[in-house]
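Me: I'd like to walk through a model and learn how to read its packing and backbone. Can we start with how helices cross?

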Amino acid sequence: MAEKDRFVSPAGFRLYRLSSAPGSYSLFCRLRSWLQREAAMAKVARQQQQDGSVIKKIENVRMLDRYNSKKTSAGTLYLTATHLIFFDTENNKESWVLLMHIGSVEKLPITTTGCPILIRCKTFLSVTFVIPKERDSHNIYTSLLVLCQPAKIEDVYCFLYKSNSDKISKSAGWDSFNLETEYKRMNVPNEAWSLTTLNQDYQLCDTYPKFLFVPSSVSTSILVGSSKFRSKERLPVLTYLHRNKASICRCAQPLSGFNARCMEDEQLLTCILYTNPGSEYMYVVDTRPKINAMANRATGKGYENENFYDSIKFNFLGIENIHVMRNSLSKVVDLCEQRNLSMSQFIGGLDSSGWLRHIKTILDTSAFICQAVNSGKSVVVHCSDGWDRTAQVCSLASLMLDPYYRTLQGFQALIEKDWLAFGHKFSDRCGHIAGDSKEVSPVFTQFIEATWQLTMIQPTTFEFNERFLLILHDHVTSCQYGTFIGNCEKERVDLKLKDRTFSFWGYVEEHKKEFLNPLYSAQVETMSPDLSPQNIRFWRGMYCRFENGVHPREHVYDILLATSEQTKSIDDHVKFLQKRLSYFKRKITDGADMVKNSLFSKEICIEPMSYNKEDNIIQSMNDAFDNLTVMEPKLDEAHKVAIEWKSLREAVSCECSTDSSTKKYHCWKCGNVFCTRCIDMNVPLPGHLSQEPVPVCHGCRKIVSRSSTESS
């Protein structure tokens with residue numbers, strides 16, 4: 001049978017065209033379609049086997065569109081140990097939901113078409129599956145409740161996860177940050193600040209890092225006494241030192257009650273003041289509303305008594321507690337899920353949630369600290385326990401003060417220092433494991449959004465883009481990496497996460513190019529953002545990114561990055577063509593000179609031209625032009641590169657779709673769009689002068705490889 005009559009299916013089966021019987025072509029198409037579906041479903045099964053076996057498989061499940069209940073997708077639902085996977089059999093599309101991303105599961109009233117289950121994710125994805133049988137629906141519901149919040153920290157996803165890429169080792173990223181090195185960058189230790197070893201075994205404060213920097217003039221008794229006077233033993237320690245010697249220190253609220261005092265704590269704050277000899281006073285910033293701080297006095301806590309602390313100005317800056325923030329975000333999520341809202345309803349709902357007011361209050365507090373430090377005044381910051389609001393404003397103030405923290409590497413250092421090392425309770429606040437739901441709160445989400453607000457106000461001052469912030473936000477809750485597991489440094493050391501899990505920073509380093517801001521210009525030293533109410537925006541890219549379905553909408557930075565790569569590819573191809581043209585031009589010039597010399601040689605001018613001589617000249621001309629194709633190979637299919645690149649949103653080349661963090665890539669040769677599983681590898685294109693390896697798809701790689709084999 002002729003080779004052209006063969007068809008090779010994705011599963012590797014070889015079929016032959018049925019061309020003899022009437023209607024055989026439609027039969028062939030149906031058979032081919034069936035084999036393609038089976039191959040795609042087999043691919044889903046193979047992929048999930050890397051993470052765990054299928055717990056449940058349910059067919060004839062419908063996935064409802066979020067905004068159009070009449071628009072549904074029918075397919076098969078797979079529940080594995082780590083993912084919920086929906087395979088759309090009609091469109092050959094996969095939708096992956098990581099179980100650790102699931103925030104809540106709700107059984108909706110039974111309808112005539114089946115039993116709906118509403119799943120809300122911590123990434124603000126909301127999806128409804130209609131399962132035909134009530135028994136299957138109940139099994140999925142109960143299984144999800146167990147799997148989305150494991151009972152033990154050792155059961156979270158990072159301990160099961162295995163990277164699909166050989167480029168990222170398990171050790172990658174774990175050693176990219178060192179706390180002592182970060183303080184050395186700030187010229188600490190010095191004559192005013194020194195390292196104390198009192199917390200080497202986490203004995204002074206088990207939620208602080210082992211390396212603490214305190215005023216050089218303080219004694220051990222002062223540090224121990226102050227620690228006992230502060231909530232959770234979180235005494236004032238250095239977190240940031242500015243180039244003008246003004247500092248930011250952080251701690252927890254004092255156990256002052258109505259009138260208690262601690263001489264050691266008062267002496268420690270005085271020593272902090274003296275580390276900055278150019279200032280006569282310093283600030284103590286209590287991030288809470290004053291009424292909340294006063295209420296805490298009844299429980300034996302509270303705030304500093306101004307009569308006991310000299311040369312200190314106290315400020316209450318009114319950031320609400322974790323419970324208010326949790327309820328506020330819940331209102332935003334409910335608002336974004338409503339259909340057919342009018343403009344006044346949306347604006348009114350957003351205003352009543354108070355979310356943007358909370359974001360502005362956090363930014364205003366951070367800006368106050370930034371201005372104080374920049375003007376030469378040291379600041380001591382605390383909230384209740386010093387690991388939520390304190391982490392927010394200390395890190396944001398440092399972000400405004402130091403341009404290093406606005407780079408990709410510096411932002412990593414900022415999170416490692418102010419959030420991870422100083423004990424923000426990631427596992428409690430993000431609900432990594434089953435526990436008290438009242439401990440869950442979007443504290444880190446607010447920090448991410450406040451950073452995004454700053455990038456919108458001054459877009460050229462940050463090296464990273466919006467995509468990086470979204471990926472960071474999602475992976476804090478995904479538990480795919482061990483970086484954000486646990487509530488403090490001591491817990492992470494006890495869990496041996498460095499040896500047992502992958503690091504998020506290793507992933508960031510491998511995909512660094514995706515997270516770069518093309519508008520970045522490192523010129524601003526200290527930021528002075530305009531925090532007027534009209535500059536605080538609703539982050540549609542975070543809370544409404546799934547408004548078109550389970551796959552997130554296209555980011556503007558992805559468009560800019562794709563445009564930059566496309567321009568680079570075309571420029572490289574133009575240089576290749578220019579080199580080819582120069583070669584041909586040189587060859588034509590050489591051939592013309594040879595013919596000219598032959599025609600006007602002395603021998604030809606004196607002797608009459610014979611037919612043999614004329615034939616020789618014509619033959620010489622032909623030989624000269626024939627050399628153009630002998631010396632330089634002809635342009636073929638392998639030398640072509642994509643001039644037009646498909647839109648990321650309109651891509652149909654890649655039939656698989658993973659979770660929301662999966663980035664789409666362009667093949668530089670054909671211009672189609674694929675995910676990481678469908679882009680083969682980076683190879684040099686014959687049509688590029690630089691011969692730098694670039695991303696290509698499977699099909700284009702075969703063309704390039706075949707051309708390389710033939711030319712060799």
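Reply: Sure. A crossing counts as right-handed if the near helix is turned clockwise from the far one by less than a right angle, and as left-handed if anticlockwise. Keep in mind that this is a predicted model.

Me: Which hand does the crossing of α10 and α13 have?

Reply: That crossing is right-handed. In general, a packed pair is described by the angle between the two axes and the distance between them. Here, the axes of α10 (residues 389-401) and α13 (residues 443-457) come within 10 Å and cross at roughly 20°. Angles under 35 degrees count as roughly parallel, so α10 is roughly parallel to α13. On the α10 side, Gln392, Ser395, Leu396, Leu399 and Met400 make the contact, meeting Val443, Gln446, Phe447, Ala450, Thr451 and Leu454 of α13.

Me: How do α13 and α14 run, roughly parallel or roughly antiparallel?

Reply: Roughly antiparallel. The angle between α13 and α14 (residues 466-478) is about 180°, and their axes are 10 Å apart. Phe444, Thr445, Ile448, Thr451 and Trp452 of α13 touch Glu466, Leu469, Leu472, His473 and Val476 of α14.

Me: On to the cores. Which residues touch the most other members of the largest nonpolar core?

Reply: The general idea is that in soluble globular proteins nonpolar side chains tend to be buried together. In this model the largest such core has 127 residues, and Phe411, Ile415, Phe468, Leu472 and Tyr543 touch the most other members. Helix α9 (residues 355-374) gives the most to this core, ten residues. Domain 1 (37-148) and domain 2 (179-548) each supply at least three. Apart from that core lies another, of 22 residues, including Val61, Ile117, Phe129 and Phe546.

Me: What does Tyr543 touch, leaving out residues up to four places away in sequence?

Reply: Tyr543 touches Phe124, Leu329, Val332, Cys336, Trp355, Thr445, Glu449 and Phe538.

Me: And the backbone: where should I look for something out of the ordinary?

Reply: As a rule, most residues other than glycine have a negative phi, and most peptide bonds are trans. Phe124, in the loop between β8 and β9, has a positive phi, near 75°. Lys232 has a positive phi too, near 60°, and sits in the loop between α4 and β12. For the peptide bond, look at Val188 to Pro189, which is cis with omega near 10°. Pro189 is in the loop between α3 and β10.

Me: Are Phe124 and Lys232 buried or partly exposed?

Reply: Phe124 is buried, at 10% relative accessible area, whereas Lys232 is partly exposed, at 44%.

How values were computed:
Residues numbered from 1 in each chain as written. Predicted model: local features only at pLDDT ≥ 70, side-chain atom pairs only at ≥ 80, totals over all residues. Heavy atoms only, no water. Core = buried A, V, L, I, M, F, W, Y, C linked by side-chain atoms within 4.5 Å. Buried < 20%, exposed > 50% of the residue type's maximum accessible area, 1.4 Å probe, protein only. Helix = DSSP H or I, 4+ residues; strand = E, 2+ residues; numbered from the N terminus. Domains from an automatic or database assignment. Contact = heavy atoms within 4.5 Å. Axes fitted to C-alpha atoms, helices over the stretch in contact; angles between N-to-C directions. Parallel < 35°, antiparallel > 145°, perpendicular 65-115°, else oblique.
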